[in-house]
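Please open the model in your viewer and keep the selection panel at hand, since this tour moves from one chain on its own to the contact between two chains.

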Protein chains: 2
Amino acid sequence: MRYGFGVDIGGTTVKLGFFDKTGTLLDKWEISTVTENHGEAILPDVADSIKTYLAKNKISFDAVIGIGLGVPGPMGSDGTVYGCHNLGWGTFSVRQAMEQLAGVPVRVGNDANLAALGESWKGSGCDNMVMVTLGTGVGGGIILNGRPVSGAHGAAGEIGHLVLERDETEVCNCGKRGCAEQYCSATGIVRLAKGYLENHDTPSVLRALQSMTCKDVFDAAKAQDSAAQEILEQVYSYLGQLLADVCCVIDPEMIVIGGGVSKAGQVLLDGASRYFQKYAFAACKSTRFALASLGNDAGIYGAWKLALDSLL
Amino acid sequence: MRYGFGVDIGGTTVKLGFFDKTGTLLDKWEISTVTENHGEAILPDVADSIKTYLAKNKISFDAVIGIGLGVPGPMGSDGTVYGCHNLGWGTFSVRQAMEQLAGVPVRVGNDANLAALGESWKGSGCDNMVMVTLGTGVGGGIILNGRPVSGAHGAAGEIGHLVLERDETEVCNCGKRGCAEQYCSATGIVRLAKGYLENHDTPSVLRALQSMTCKDVFDAAKAQDSAAQEILEQVYSYLGQLLADVCCVIDPEMIVIGGGVSKAGQVLLDGASRYFQKYAFAACKSTRFALASLGNDAGIYGAWKLALDSLL
């Protein structure tokens, strides 16, 4: 037994990786996520894709250690998903269903936790870290002693929903008010930008845009647009506070920042670090910051690591 | 080998417990904490007290499994304390020093983490929990799979220093502004009460007091003093937010509330739970709440559990 698969199920595509047991990614590809009829085709499609790959490459099932699977919903440690809105799924054992379809052992985890595990394993190399993913929303994953922390309700690492503004009037996607996601996600940054432009007279290139994106704000700030710079100061302040708060709870060695917003690069790390120094508990001020390095492959690496850790 | 000691070093007294290996507390007593000369007498005093106890009760050293020790400062997993202001200690290996003095194996942990471990073991019986201690300050301890989480800088569970008010003008003991400790500790509750009375005209029995205590506020609220009730609503709101934020990070099965403020009892649990429902992420709303049950003995139970887990 030498090989296995890491699979990352997303709302629009499923990413699949073929790995050896040292963690070398030998091949990767994507298939579409078919969410019709409560996502009933998703797991059969994954199983078919894996079987086809093995047949085409003349690899015996006996050579396969198993499959690791990342799912974008709250997961129990036994492989049960507790509902997954994006995929149309209710509550069932993803692990059992996938094992029946694929005929090899399967391990399942939450996608954000597995992306963190992937970064811990093949990115930062740090066994005690928090990964924060700044995308459309704000997700997170906690790695403690090299293992992902799931939580009692599959909600460990849901750091996008810490409350940063008790008096926020607008509502977060989760139904609460004042969540980190409302200030630090790509959507949140655009929201802050619009609010800033409404409440200030500062001239800004952002005012001319038909439909502003998060990248527009970073680009304008880079081009010395002072309104965009002020907006990003707000973002960095919220992000620094969020990360400082997380450190008061779990005190990791390292914080890794990923997701679409992290494409802004060093300027984002520098800004967040500056406010982290303001908000962090003294003992945590030396916590290291880094950008995620595996990009979209973090999830398949982490899924395979989860399977390896329990099957090898 | 059948017995051992759990020791909880505080700023004014050291609590010592004599246990059997099932965790039954067979005897307990206290000695004073002598902090003069950088606290150089503390560990020798503990060793003397233990040796005297064994001699008086004719118990052989061979019957002693070891000593667990709780220290009120940031601890490395190897038993190194990274400075402890209360005791006058700098950085050194408490474990090595104590082993040389006592002649038996020693394990050392942070006192708040060990109080949480004690409550997990002999109080709540829950292996995945957060304990929050509302005393002069706000401390915390995290138990994951039955083990305390220390963090990379000994700061895991320092939940008193999450920032709840970004715009706070007064300074916390830690040097930051807006920490949970400024609103939810006994000191913080009195501070909120004074602020409320200054900014409102509401008549209140609290106005007549020479020097207000946290208990006065709870007593007045119980006697239907509307100002005191408003003040406690503020406290519950902050505490509910703090606990909801902690759950977004680590998602425990249970939250246990201890410390002097918790003597207020069920009314505190009910108040905090109410605001927890407002601020908590949906998946975490069913997290159970309980009052700590071991009182001042939590620390010696946890210290002994730490020693047992690694020595037996």
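Begin with chain A of this predicted model, where 57% of the 312 residues count as buried. Colour chain A by secondary structure, and you should find 10 helices and 12 strands. The radius of gyration of chain A is 20 Å, close to the 20 Å that the globule rule gives for 312 residues, so chain A is as compact as a globular protein of that length. If you turn the chain along its principal axes, its C-alpha atoms fill a box of roughly 65 × 45 × 35 Å. Among the contacts in chain A with a separation of 6 or more, 59% are made by residues 24 or more positions apart.

Next, show chain B as well and select the contact, to which chain A gives 41 residues and chain B gives 41 residues. The area buried between the two chains is about 3,300 Å², with 60% of that area coming from carbon and sulfur atoms. On the side of chain A, select His153(A), Arg166(A) and Val249(A), which lose the most area to chain B and together make up 24% of what that side buries.

Stay with Arg166(A) and display its side chain, which meets the side chain of Glu165(B) in a salt bridge (3.8 Å, N to O). Across this interface the rule finds 2 salt bridges, and it also finds 26 residue pairs in polar contact.

Finally, select β9 (138-144), α8 (226-250) and α9 (266-279) of chain A, the elements that give two or more residues to the side touching chain B. The largest share of that side, 9 residues, comes from α8(A). Coloured by residue class, the side of chain A that touches chain B divides into 23 nonpolar, 10 polar and 8 charged residues.

Note on methods
Residues are numbered from 1 along each chain as its sequence is written. Chains are lettered from A and ligands numbered from 1 in the order in which they are written. This is a predicted model: local features need pLDDT of at least 70, side-chain atom pairs count only at pLDDT 80 or more; totals for chains, interfaces and linings use all residues. Side-chain values use heavy atoms; hydrogens and water are left out. Contact means heavy atoms within 4.5 Å. Buried area is the accessible area (1.4 Å probe) that two parts lose on being put together, summed over both. A salt bridge is a side-chain nitrogen of Lys or Arg within 4 Å of a carboxyl oxygen of Asp or Glu. A polar contact is a pair of N or O atoms within 3.5 Å; within protein, one must be able to donate a hydrogen and the other to accept it, and residues adjacent in sequence count only if both atoms are side-chain atoms. Helices (H or I, at least four residues) and strands (E, at least two) are DSSP runs, numbered from the N terminus. Ala, Val, Leu, Ile, Met, Phe, Trp, Tyr, Cys and Pro count as nonpolar, Asp, Glu, Lys and Arg as charged, and the others, Gly among them, as polar. The radius of gyration is taken over C-alpha atoms; the globule rule is 2.2 Å times the number of residues to the power 0.38. Buried means under 20% relative accessible area, exposed over 50%, partly exposed in between (1.4 Å probe, protein chains only).
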